[in-house]
Structure formats: structure tokens, C-alpha cells
Amino acid sequence: MDILITSGRTIAQGKKLYYKDMPAYSIETARCFVNPFDLLELGAAAGDCLLLSTGTGEEVFIATPCDDLVSGTVFIPCGPHANAILHATTRGTGAPDYKWLKGTVKRTDLSPRSGWDILIEEGGAACPPVPAPSGDDGSGAVTIRDVACPLCGCLCDDLVVRVEGGAIRSVDNACSLGSEKFLSRSRLMLPVSKTGGTWETIGLEEAIRYTAEVLADAERPLLFGWSGTSAEAQCIGIQIAEAIGGVIDNCSSICHGPSIMGIQEAGHPGCTLGAVKNRADVVIYWGSNPIESHPRHLSRYTTFVTGKYRDNGHHDRTLVVVDIRETDTAKLADEFIRIRPGGDYAVFSALRAILRGHADALPPTVAGVPRERLIWLADLCMNARFGALFTGIGLTQSRGRYKNVRNAIQLVDELNRHTKFTLTPMRGHWNVNGTNQTFSFLTGYPYGVDFSRGTPYYNPGETTAVDLLRRGEADACLIIGADPGAHLPRRCNEHLATIPTIVIDPFVSLSTSVADLHIPVACTGIDCEGTGYRMDSVPIRMKKILDLGLPTDEEVLSEILSRVQERRQPYGVIVPERRYSEAPPAA
């Protein structure tokens with residue numbers, strides 16, 4: 001059967017993001033949501049195995065009936081299974097087509113593989129042994145209030161965390177995703193290096209020395225991630241990239257990078273989430289499903305919250321969701337508008353035409369939306385006291401990409417001739433917006449910054465991570481604050497497995513599989529401090545609530561930078577001492 005395949009977040013997959021050494025993560029990323037009538041046509045039922053195929057490859061998924069999807073479309077969670085059938089072409093934007101891939105599906109007797117099995121096929125290794133959590137250290141119970149959550153771009157700062165016996169025992173006020181990150185024990189305590197496909201522990205000093213020499217010796221080093229670490233660490237990373245003449249890119253290049261490209265062309269009519277909470281009477285989520293990606297967004301900032309000028313909470317607001325499927329967020333909305341896949345640009349243009357008095361020029365339907373519904377939506381927005389449009393990766397990872405966002409911004413500009421309206425991208429990682437702030441402040445560019453010319457150079461589609469790895473340009477890679485093993489296309493991981501790759505991360509990740517070295521560090525917002533930027537660009541200080549004795553990202557990166565600088569000539573030339581072809585020796 002021919003189908004359109006789209007991917008996105010699910011709350012079940014999100015709960016397991018920091019348990020990737022466990023089978024439950026692979027079970028959730030191997031799900032395949034299909035319209036029940038399509039399952040009937042395939043002769044399959046819930047729990048059966050389906051083989052999804054694209055021009056890139058094929059993978060086995062577990063069938064899950066879903067009435068929210070229209071016939072002919074399949075939804076799969078983000079993860080290694082989805083990326084195994086994803087091509088690496090970014091069409092000049094840095095972000096591949098995570099949504100609306102053409103493919104086929106059929107019933108199969110094969111069983112789904114684990115995420116680690118997929119990475120092993122791509123050239124990686126099995127998961128390193130994760131030590132059992134240490135026992136109670138005898139310390140008493142401590143309750144820390146007003147803790148900021150290092151999970152998503154909401155950066156909710158009202159958490160109450162209880163620590164006892166040297167471990168976190170409970171988290172109040174957090175969503176299920178945030179709670180699971182605080183409670184995760186999937187952490188290494190010592191650096192591990194891969195030798196002959198097996199993992200061995202090494203000393204921190206040796207690990208740092210190896211990392212510095214690999215980066216300094218490389219001709220085209222890539223430093224990727226940064227969205228899961230502090231702004232202070234990001235600044236040091238930029239200094240390293242400049243010192244070695246490398247490319248530094250962050251996670252926004254594969255999610256909201258097209259949003260930034262649209263903003264660069266048309267501006268950003270944004271505001272703080274506090275302004276939305278206190279003033280907005282019309283809230284629109286377009287191509288976004290915050291119930292599963294940002295679970296507290298509606299209850300803390302937009303719909304189900306009392307504001308200064310919105311005393312009656314959701315009774316004073318109208319919630320509209322525009323999406324290709326009836327998500328859990330859409331089921332809560334006052335109005336749900338189903339749009340045809342890839343039709344966002346046309347609908348934005350139609351709404352702009354209506355605002356300018358040209359509704360009669362529109363056809364009866366635009367991208368599957370009746371003209372009357374569009375006229376109603378335009379009238380609702382134009383008569384709002386204060387409107388807020390939140391855009392998701394449904395716009396940035398599908399047809400139109402940054403032009404979708406540009407058209408949305410221009411729609412908001414039209415609305416601001418009649419009322420007050422704002423637009424905010426729904427940023428994913430807790431500090432992905434921080435990467436754009438620090439990169440822009442220090443280099444002039446928000447992501448994909450190339451220092452090989454001696455000055456910052458930026459060109460999405462050329463200097464972005466997926467493109468560098470797809471072309472095989474990068475000859476060394478440092479991964480920090482991200483997990484490309486779980487979120488980049490197969491071809492990228494296959495290349496990472498062939499070059500010296502170092503992971504700096506508090507948690508075991510699928511990127512560990514393709515790495516030569518994993519350096520465990522303290523987790524910002526849990527066992528070290530740092531600064532993060534909320535999705536509305538408000539900086540928030542993250543607290544330290546636990547001490548596991550691990551070095552921070554800042555400390556490790558500062559030592560790497562120092563060792564790189566030691567090898568520089570007076571004119572800034574790095575003299576390679578040797579090039580590593582193998583992992584560092586075990587201690």
C-alpha cells in the first residue's frame with residue numbers, strides 16, 4: 001500500500017528519552033500509528049508487525065490503530081526507527097524531510113529491532129554497561145522549591161524536588177516528561193572508550209587529552225548539539241570551534257532552523273509567554289501538539305491559566321488548532337481545522353487575502369479547508385483583543401519549510417494592522433533557543449557557523465550538520481547536549497561511525513553507539529548550575545539540587561579549549577602532533 005509517512009513526538013516516547021539503555025525506549029519508537037481502515041485493508045490488527053519502506057531503506061514497526069489519521073497516512077514517533085528510513089537531503093535548509101515521506105507499508109512476520117541493533121547495523125557498538133545506582137548515602141531529606149525544569153522550551157520554574165540519600169525521590173509540579181528526566185538513573189560515572197567494539201573505562205584526563213588532540217588534528221571538525229547544555233558551556237564551545245577552524249552547529253538546524261530563516265527574512269513579531277498568559281484571548285497552535293511535546297504549555301502559559309486580564313481562564317479564551325491530524329491538543333480545542341499535508345503556505349496566503357478583502361477570489365476549498373472556515377478564522381483573529389500564534393515543526397519539516405514560517409509572520413503583520421498579534425515558535429530542547437542567542441551574540445549567526453575561513457561563515461544546507469555528514473566532509477565530531485544517533489538520518493550515523501566521534505553527555509544515548517569515547521558530565525539543572533533561555537528568549541537560571549561528583553560541561557570544555565590553545569603557534573596555526581586512528585587506550 002502506498003502511504004505518506006510523517007514523524008513527531010509522542011508523550012510515551014518522550015518519557016523514555018533519558019532511558020535509552022532500556023528496552024522500553026525502543027518499544028515506543030518502533031510504534032506505527034495507522035488508520036483502522038488501512039489496517040483492515042492490510043489484513044493486520046493492533047500489535048501486528050508492519051514493514052515500512054522508503055527510497056532510503058525499510059524498517060519493521062508495531063501497528064497501533066489511530067482514528068486521528070486520515071487514510072493513506074502513517075505516523076511514527078521520532079527515534080532511530082524513523083530515521084532508519086529517512087533520507088538526508090535538506091533542500092538547502094539543514095533539516096531533512098522528517099514529515100511527508102512517500103513510502104509503502106505491508107504486513108510482515110519479522111519483528112522490530114531495538115534502537116541499538118539499528119545503530120549497530122549502521123556501524124556502532126552495543127550499549128556500554130550502565131552502573132547500578134549507588135545506595136543511600138545516609139544524607140537526610142531536603143526539599144528544594146522553585147526549581148527550573150531542564151526538559152523542554154517551557155523551562156517551568158515552579159518545580160518542587162525532594163532529595164534524600166543522595167538521590168532524587170520525587171518531583172512535584174513537573175509534567176510526566178520532566179519528572180522522568182529528574183528520576184532517570186541511566187548515567188555513566190566514568191568515561192568509557194570503545195576498543196575493538198567493546199567498552200572500557202578510562203581516566204578523565206586521558207579522555208580530555210584525546211578529545212583535544214582529535215579536534216585539533218581534524219581538517220573539518222564538527223561540533224554538534226549544544227541544546228541540552230548551559231549557555232556558558234555554549235560560549236566555550238564557540239571558542240573551541242574558532243580555535244580549531246571547525247563548524248559548530250546546534251539542534252535548531254534540524255527543527256526550527258527554517259523558522260529562524262523565515263524570521264531573518266520577515267522579522268519576529270514575538271512577545272513573552274507572560275504577555276500571552278495575561279492578555280491573549282485567541283490562541284492558535286499551528287503544526288504543533290503541545291500536549292505531547294510541551295505538556296504544561298497550555299496550563300501554564302496559554303489556555304488553562306488565569307491571567308491578569310483573563311480572570312476566567314479558558315472561558316476568556318478561544319483555542320484553535322490547525323493540523324493534519326486530530327491530535328490530543330486538537331481534541332481540547334474550541335475549533336480544530338484539519339489541513340491537507342503540505343498545504344500550510346496556501347492557507348496562510350488565503351487568510352492574508354481575506355484580511356485584504358479578497359475572500360471572493362478564493363476557491364471553495366484551500367488545502368482541504370472550506371473557504372467559510374477560513375473566513376471565520378480570519379474574522380476571529382482580526383477581532384481578537386490580543387492573539388498568539390504558536391508554530392511547530394509541522395511547518396518547518398514539511399513542504400514549504402521556512403517559507404511557511406515567513407508567510408505566517410506576514411499574516412501576523414497583516415493582523416497587527418487591526419489588532420495585536422504575536423508569533424512564537426514552539427522550541428523543543430530546554431536550551432535550544434539559548435544556542436541561537438549565544439551563537440548570534442558571539443558569531444552573528446544562529447547556527448551552522450563555519451570558522452574554517454578564519455571568520456564566521458553561515459549557509460544552511462552547506463554548513464549544517466546533516467549536510468556535512470551526508471557529504472562525508474566532517475572528519476571528527478564532538479557531540480554535546482544532543483543525540484544525533486537517535487535523531488539524524490541513517491546516512492549521518494553511518495558516517496559518524498567511521499570518524500573519531502566523542503560524546504559529552506550526562507546520560508547514555510544512542511550516539512554513544514557510534515562514538516569512540518563518552519565523557520559523562522553533570523546534568524545542568526540537576527547536579528550543576530547554568531543559564532537557559534526559554535522559548536520566548538527569557539533567560540532563566542538553572543539550580544543545582546544534587547552533587548554526584550561529576551565535572552560540568554563548562555569544566556570539561558574549558559580544559560579541552562586550554563589544551564587546544566597550548567598547541568597553537570603565535571599566528572594561531574594549530575600544529576598537529578598526531579592523528580588518532582583508534583580510540584584512546586584503556587586505563
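# Notebook: helix packing and a few loop residues

I began with burial: 61% of the chain's 587 residues count as buried. I note at once that this is a predicted model.

**Entry 1. The whole chain.** I counted the elements next. The chain holds 23 helices and 27 strands. I then looked up the extent of the C-alpha trace. Along the principal axes it spans about 75 × 55 × 55 Å. How does the radius of gyration of the chain stand against that of a compact globule? The chain has 24 Å, and a compact globule with 587 residues would be near 25 Å, so the two agree. I also checked how far contacts reach in sequence. I took contacts between residues at least 6 apart, and 72% of them join residues at least 24 apart.

**Entry 2. Ile236 and its helix.** I picked one residue to follow. Ile236 sits in helix α8, residues 231-244. Is Ile236 buried or exposed? Its relative accessible area is 11%, under the 20% cut-off, so Ile236 is buried. I listed its contacts, leaving out residues up to four places away in sequence. Ile236 touches Glu554, Leu557, Ser558 and Leu561. Leu557 is 321 residues from Ile236 along the chain, yet their C-alpha atoms are separated by 6.5 Å.

**Entry 3. α8 against α23.** Those contacts led me to a helix pair. For such a pair, I look up the angle between the axes and the distance between them. Helix α23 covers residues 553-566, and it packs with α8 at an angle of about 20°, the axes being 9 Å apart. Why do I call the pair roughly parallel? Angles under 35 degrees count as roughly parallel, and therefore α8 and α23 are roughly parallel to each other. Their crossing is left-handed. From α8, the contact draws on Glu232, Ala233, Ile236, Gln239, Ile240, Ala243 and Ile244. From α23, it draws on Asp553, Glu554, Leu557, Ser558, Ile560, Leu561 and Val564. I sorted the residues of this contact by class. Nine are nonpolar, two polar and three charged.

**Entry 4. α14 against α17.** I moved to helix α14, residues 344-355, and helix α17, residues 402-415. Their axes are 9 Å apart, and the packing angle is about 15°. That angle makes α14 roughly parallel to α17. α14 passes α17 in a left-handed crossing. On the α14 side I noted Asp344, Tyr345, Phe348, Ser349, Leu351, Arg352 and Leu355. On the α17 side I noted Lys403, Asn404, Asn407, Ala408, Gln410, Leu411, Glu414 and Leu415. By class, this contact of α14 with α17 has seven nonpolar, four polar and four charged residues.

**Entry 5. Arg356, after α14.** I looked at the loop between α14 and β17 (365-366), where Arg356 is placed. Arg356 has 49% relative accessibility, so it counts as partly exposed. Which residues does Arg356 touch, not counting those up to four places away in sequence? They are Glu414 and Arg417. Glu414 is also among the α17 residues that meet α14. The C-alpha atoms of Arg356 and Glu414 are separated by 8.4 Å, with the two positions 58 residues apart along the chain.

**Entry 6. α9 against α17.** α17 has a contact with helix α9, residues 257-266, as well. What is the angle here? The axes cross at roughly 45° and come within 7 Å. That makes α9 oblique to α17. The crossing is right-handed. α9 contributes Pro258, Ser259, Met261, Gly262, Ile263, Glu265 and Ala266. α17 contributes Tyr402, Lys403, Val405, Arg406, Ile409 and Gln410. The class count for α9 with α17 is seven nonpolar, three polar and three charged residues. Lys403 and Gln410 appear in this contact and also in the contact with α14.

**Entry 7. Two positive phi values.** I turned to the backbone. Most residues other than glycine have a negative phi. Arg91 has a positive phi, near 55°. Arg91 lies in the loop between α4 (80-83) and β6 (101-108). Its relative accessible area is 56%, so Arg91 is exposed. Ser537 is not a glycine, but its phi is positive too, about 75°. Where is Ser537? I found Ser537 in the loop between β26 (530-533) and β27 (539-542). Ser537 is partly exposed, at 31% relative accessible area.

Definitions and conventions: Residues numbered from 1 in each chain as written. Predicted model: local features only at pLDDT ≥ 70, side-chain atom pairs only at ≥ 80, totals over all residues. Heavy atoms only, no water. Axes fitted to C-alpha atoms, helices over the stretch in contact; angles between N-to-C directions. Helix = DSSP H or I, 4+ residues; strand = E, 2+ residues; numbered from the N terminus. Parallel < 35°, antiparallel > 145°, perpendicular 65-115°, else oblique. Left-handed = near helix turned anticlockwise from the far one by under 90°. Contact = heavy atoms within 4.5 Å. Nonpolar A, V, L, I, M, F, W, Y, C, P; charged D, E, K, R; others polar. Rg over C-alpha atoms; globule rule 2.2 N^0.38 Å. Buried < 20%, exposed > 50% of the residue type's maximum accessible area, 1.4 Å probe, protein only.
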